[in-house]
Structures are given as structure tokens and as C-alpha cells.
Amino acid sequence: LNSSEINSAALSDKADVNAMAMDDGVQLALQRTGLWVSAAIVFGTALGQFYDVDTSGEFFAGYLLEQSLSIDNLLVFLLLFEYFQIPTEYQNRILNWGIMGAIVMRAIMIGAGAVAIHQFHAVLLVFAAILIYSSGKVLLGFGEDDDEEEDLSNNQIIKLASSLINSTDRFDGDRFFTIIDGVKTATPVFLCMVAVEISDIVFAVDSIPAVFGVTENPLVVFSSNLFAIMGLRSLYTILSKAASELKYLEPAVAVVLGFIGVKMVAEYAGYATPTEVSLGVVLTLLGAGIGASVW
């Protein structure tokens, strides 16, 4: 065998190993997602047994809504990983820390929202305004030319993350910090993790009012957020590739947000919407968005 044939064989073997590793990663992601989805179904069903059917329906509506809203969050994560040039093998650590930060921050925001609604019920109108504004912004901008890539160097989240601490563009494995000239300095892994946390807080401004539009029960709001975050993060390796193909899901989610915003205003005025109707609308619109994207 000559050297070119040996090199070709080596490259082929390496490609086979990478493909096998990717298949194993996908299989593991599917298994973890299956466990979290099953756990969500069991939890939602248990709510129906120990509370009532309406509470169970509110959980499933909130869960589906959170899953759909998190798709956009995943696309932002992809852009951040690309901007900071984070190797694939380091991304899981950032996502794991992101999960913990998201759970803590959302628990705080949900607790504050529940207290605000209990003491000042008119806060629901503020939440409704946020949802209707977000819905209109997406629907009015849908279909515009967005082929040009965003320059993330001017992104406010990137600027904020970079301004918080001294940093370097040099990696030190998957460590958050490294020592340069005797000074502890943040690596791109840490900066990306901070940017991921900030972006999750920004997305929570939409998602938490949306679930409060489905139910004012803080247990249901937090649990639907928790199960959605854990399930979606475990499926990251697959959805990160498929999310950009679901082009009609975003406007479908926007219509759902608009519906929930109007529903909140109506309920504040004394016109209640049955839980099964809300769940049916969410399922139908999200299913239509996914179906239109696939077919």
C-alpha cells in the first residue's frame, strides 16, 4: 500500500468512528428524552388523580407551550456556540450548567410572578400585553429576508457577558477559567455559559407569562417549565439540527401567544376559557405549524 492509500484508509476509519459516536449520542439523547417525556406524562396524569382534570390539562398545555417556545432558545444557543467557537465536546458542560441556572432563575421569576398576581391581579394585563406584543412582532416580521447572518459582536447579550469579567480567547480544555501570567482569566467556555444564562432569562420574559396565561397555579407553572427544559436539553443534539427546518413553528407559536394574551384579558374581564379549549387550541396550532414545516 502506498502512503495515499494508507491515509485514505485512516480517514475512512476516523469517519466511521465519528459516525458511530454520533449514533451513540443520538441514541442516548433519545433515551433520556423518552424518560423525561414519560416522567412528564406520569406527573401530569398524577395531577389529574390528586388534584383535578383541569389542573392536569393546564400542566400539559403549559408543557407543550414551553417545549415549543424553547425551540428558538436552542437556535440562540447554536449561534452562541458558533460565535465563541465552542468545540462539540465542551458544549454539554455549558448546557448542564445552563439547566441549573435556568431552573433557579425561573423558580425565582415564577415565585415573584405568583406573588404579584396574588396581590395585584391587574399584573395579568401586563403579562397579556407582553404576549400580544411578542405575537404581533413575530407575525409582522415573518417572511422577511433573514438570510444575512447576525453580527453577534454587536449583540447586547454578548457585550454584557464579555464586560462582566476579564477574559481570553484561549481554551483550557472545558475549564471555565485559566491562569495567564499569574492572573485568573475566564475562558470562552465561561463567557458562552454566561451568555446562555442571560439569553435564557430573556426568553423567560415571554415563556413565564405565557404559562401564567394558561394557569395561575405556581406548581403547574414551575413543573411545566422544569419538564420542558429537561426534556428539550436532553434532545439538544437532535433538535439543534432539526430546529432550523421547522420554519412554520415560530409563527404557530406566535399565534398561540396571541391567543393566550387575549384569553388573559378576557378572563380578567370575567370571561373564563375552559382548560380543554385552551389545550385543544395549543395542540392544534402547534401541530399545524410542525405539519406545515415537515410537509
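In the predicted model described here, helices H6 and H9 cross each other in a left-handed sense. By class, the residues that form this contact between H6 and H9 comprise seven nonpolar, one polar and one charged. Helix H6 spans residues 188–214 and helix H9 spans residues 249–268, and the two pack at an angle of about 55 degrees, their axes lying 9 Å apart. Because angles from 65 to 115 degrees count as roughly perpendicular and those under 35 degrees as roughly parallel, this arrangement places H6 oblique to H9. On the side of H6, the residues that take part are Pro209, Ala210, Phe212, Gly213 and Val214, and they meet Leu257, Ile260, Lys263 and Met264 of H9.

Helix H6 also packs against H3, here at an angle of about 35 degrees and with the axes 8 Å apart. The crossing of H3 and H6 is right-handed, and the contact between them is made up, by class, of 18 nonpolar, four polar and three charged residues.

These packing arrangements belong to a protein whose secondary structure consists of ten helices and two strands, which follow one another along the sequence in the pattern α-α-α-α-α-β-β-α-α-α-α-α. The protein has 295 residues, of which 40% count as buried. Among the contacts with a separation of 6 or more, 77% are accounted for by residues that are 24 or more positions apart.

The largest nonpolar core contains 27 residues, and the members that touch the most other members are Leu65, Phe212, Ile260 and Met264. Two or more residues are given to this core by each of helix H2 (53–83), helix H3 (88–119), helix H4 (123–141), H6, H9 and helix H10 (275–294). When residues up to four places away in sequence are not counted, Leu65 touches Ala210, Val211, Val214, Val256 and Ile260. A second core, separate from the first, has 21 residues, including Ala186, Met193, Ala195 and Val196.

Individual residues within the helices show contrasting surroundings. Thr55, which has its place in helix H2, has a relative accessible area of 8% and is therefore buried, since the cut-off for burial is under 20%. With residues up to four places away in sequence left out, the contacts of Thr55 are with Leu47, Asn217 and Val220. Tyr133, by contrast, lies in helix H4 and is exposed, because its relative accessible area is 59% and exposure requires over 50%. Although Tyr133 and Leu257 are 124 residues apart in sequence, their C-alpha atoms are 9.1 Å apart in space.

Two residues in loops have backbone angles that deserve mention. Gln85, found in the loop between H2 and H3, has a positive phi of about 55 degrees although it is not a glycine, and with 62% relative accessibility Gln85 counts as exposed. Asp181 is found in the loop between strand E1 (177–180) and strand E2 (183–186). Phi of Asp181 is likewise positive, near 55 degrees, in a residue other than glycine, and a relative accessibility of 77% means that Asp181 counts as exposed.

Terms used. Residues numbered from 1 in each chain as written. Predicted model: local features only at pLDDT ≥ 70, side-chain atom pairs only at ≥ 80, totals over all residues. Heavy atoms only, no water. Axes fitted to C-alpha atoms, helices over the stretch in contact; angles between N-to-C directions. Helix = DSSP H or I, 4+ residues; strand = E, 2+ residues; numbered from the N terminus. Parallel < 35°, antiparallel > 145°, perpendicular 65-115°, else oblique. Left-handed = near helix turned anticlockwise from the far one by under 90°. Contact = heavy atoms within 4.5 Å. Nonpolar A, V, L, I, M, F, W, Y, C, P; charged D, E, K, R; others polar. Core = buried A, V, L, I, M, F, W, Y, C linked by side-chain atoms within 4.5 Å. Buried < 20%, exposed > 50% of the residue type's maximum accessible area, 1.4 Å probe, protein only.
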